[in-house]
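Biologist: Could you pull up the model so we can go through its side-chain contacts together? I'll ask, you answer.

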Amino acid sequence: MTRFKIVFAVLLLALHAQISFAQDETALVEKLKQKLDQVHDYVATGRMKTDVAFIKAPVGNVKIYYQQPDYFKLIRKSGISILPKGGVTVNMNAIMATKSYVALFAGNAITDGFPTKIVKLLPMNENNDIVLTTLYIDEKNLLIRKAITTTKENGTYQMNMQYGRYNNWGLPDKVIFTFNTQDYKIPKGVTLEMDEPLTDADRKRMQQKNGRVEIDYTTYSINKGLPPGVF
């Protein structure tokens with residue numbers, strides 16, 4: 001066998017291995033989507049803690065509504081709720097709603113004590129606001145332990161999920177959402193619910209700090225339908 005044929009054969013094997021990996025990861029992501037698709041809608045209650053820059057908001061009660069494919073609404077009657085738009089859907093269904101994507105294997109990691117497979121999702125639609133999503137998938141339990149999402153408009157944000165009572169539905173007991181406020185356009189990219197409006201100086205300081213939102217879920221009512229006019 002000539003040297004050229006040997007090199008060509010090696011390249012073919014490498015290409016075949018890469019395609020096989022992509023097929024494996026696509027199958028894993030599809031299984032994960034099927035699990036999440038069991039949830040047609042839910043109403044959840046919980047407690048939310050917001051820590052953004054100089055703002056130390058008290059822990060507050062929240063009510064959250066979700067409906068397929070990606071309708072999401074969080075209600076907090078008073079205080080501060082700072083959530084980048086499109087960011088905290090927290091059930092991952094909005095991110096996983098992408099139909100055309102390339103799934104690439106990116107290694108293995110231990111995430112919060114669990115073995116996970118790292119999979120990068122590249123949307124095929126160039127008009128999609130999401131540029132790249134990196135999932136840390138607990139393959140054994142078919143759960144997303146961590147997700148890092150890069151968007152065109154609102155920078156990069158990260159979600160860490162902890163599971164317990166509702167893991168059969170793929171719904172977390174707790175979500176920790178972190179983001180760099182410098183990457184967000186205020187107020188365009190941020191939902192602000194405050195007793196008093198922010199000053200320009202406040203907004204400038206916010207854009208120089210990191211943000212963190214924690215949601216501890218108390219209850220879920222799953223697939224029971226939603227009140228009309230929620231969204």
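Biologist: Which residue does Glu-139 meet in a salt bridge?

Modeller: Bear in mind that this is a predicted model. Glu-139 sits in the loop between strand E8 (130-138) and strand E9 (143-151), and its partner is in strand E7 (residues 114-123), so the pair ties together parts that are 22 residues apart in sequence. The N to O distance is 3.5 Å, and the partner is Lys-117.

Biologist: Is Lys-117 buried or exposed?

Modeller: The cut-off for buried is under 20% relative accessible area. Glu-139 has 43%, so that end of the bridge is partly exposed. Lys-117 has 17%, so Lys-117 is buried.

Biologist: How many salt bridges does the whole structure hold?

Modeller: Besides Glu-139 with Lys-117, there is one between Arg-165 and Asp-173, at 3.4 Å from N to O. Asp-173 counts as buried, with 17% relative accessibility. Salt bridges with shared partners also join Lys-174, Arg-212 and Glu-214 into one network. A search of the whole structure gives 5.

Biologist: Which side chain does Arg-145 meet in a salt bridge?

Modeller: Arg-145 is itself buried, at 6% relative accessible area. Its partner counts as buried too, with 2% relative accessibility. The N to O distance is 2.8 Å, and the partner is Asp-138.

Biologist: And which ring does the charged end of Arg-145 sit over?

Modeller: A charge counts as over a ring if CZ of Arg is within 6 Å of the ring centre and within 35 degrees of the ring normal. Here the distance to the centre is 3.6 Å, and the ring belongs to Phe-114.
There's another such case at Lys-146, 4.3 Å from the ring centre of Tyr-136. But for Arg-145, the ring is that of Phe-114.

Biologist: Which strand does Thr-116 lie in?

Modeller: Thr-116 is buried, at 3% relative accessibility. Leaving out neighbours within four places in sequence, its contacts include Gly-107, Tyr-136, Asp-138 and Arg-145. So two of its contacts, Asp-138 and Arg-145, are the salt-bridge partners we just discussed. Its strand is E7.

Biologist: What does the side chain of Thr-134 make a polar contact with?

Modeller: Thr-134 is in strand E8 and is buried, with a relative accessible area of 7%. Not counting residues up to four places away in sequence, Thr-134 touches Ile-118, Val-119, Lys-120, Lys-146, Ala-147 and Ile-148. The polar contact spans 3.2 Å, and it goes to the side chain of Lys-120.

Biologist: How far apart in space are Thr-134 and Leu-122?

Modeller: In sequence, Thr-134 and Leu-122 are 12 residues apart. From C-alpha to C-alpha, the distance is 9.0 Å.

Biologist: On to the aromatics. Are the rings of Tyr-42 and Tyr-220 stacked or edge-to-face?

Modeller: A pair of aromatic rings is described by the distance of the centres and the angle of the planes. Planes over 60 degrees apart count as edge-to-face. For Tyr-42 and Tyr-220 the centres are 5.2 Å apart and the planes at 85 degrees, so the pair is edge-to-face.

Biologist: How many residues apart are Tyr-42 and Tyr-220?

Modeller: Both tyrosines are buried. Tyr-42 is in strand E1 (residues 41-52) and Tyr-220 in strand E13 (residues 210-222), and the pair links distant parts of the chain. The separation is 178 residues.

Biologist: Which residues do ring pairs link into a cluster?

Modeller: The structure holds 5 aromatic pairs. The pair we just looked at, Tyr-42 and Tyr-220, belongs to the cluster. Its members are Tyr-42, Tyr-66, Tyr-166, Tyr-217 and Tyr-220.

Note on methods. Residues are numbered from 1 along each chain as its sequence is written. This is a predicted model: local features need pLDDT of at least 70, side-chain atom pairs count only at pLDDT 80 or more; totals for chains, interfaces and linings use all residues. Side-chain values use heavy atoms; hydrogens and water are left out. Rings of Phe, Tyr and Trp (its six-membered ring) pair if their centres lie within 6.5 Å; planes under 30 degrees apart count as stacked, over 60 as edge-to-face and the rest as tilted. Helices (H or I, at least four residues) and strands (E, at least two) are DSSP runs, numbered from the N terminus. Buried means under 20% relative accessible area, exposed over 50%, partly exposed in between (1.4 Å probe, protein chains only). A salt bridge is a side-chain nitrogen of Lys or Arg within 4 Å of a carboxyl oxygen of Asp or Glu. Contact means heavy atoms within 4.5 Å. A polar contact is a pair of N or O atoms within 3.5 Å; within protein, one must be able to donate a hydrogen and the other to accept it, and residues adjacent in sequence count only if both atoms are side-chain atoms.
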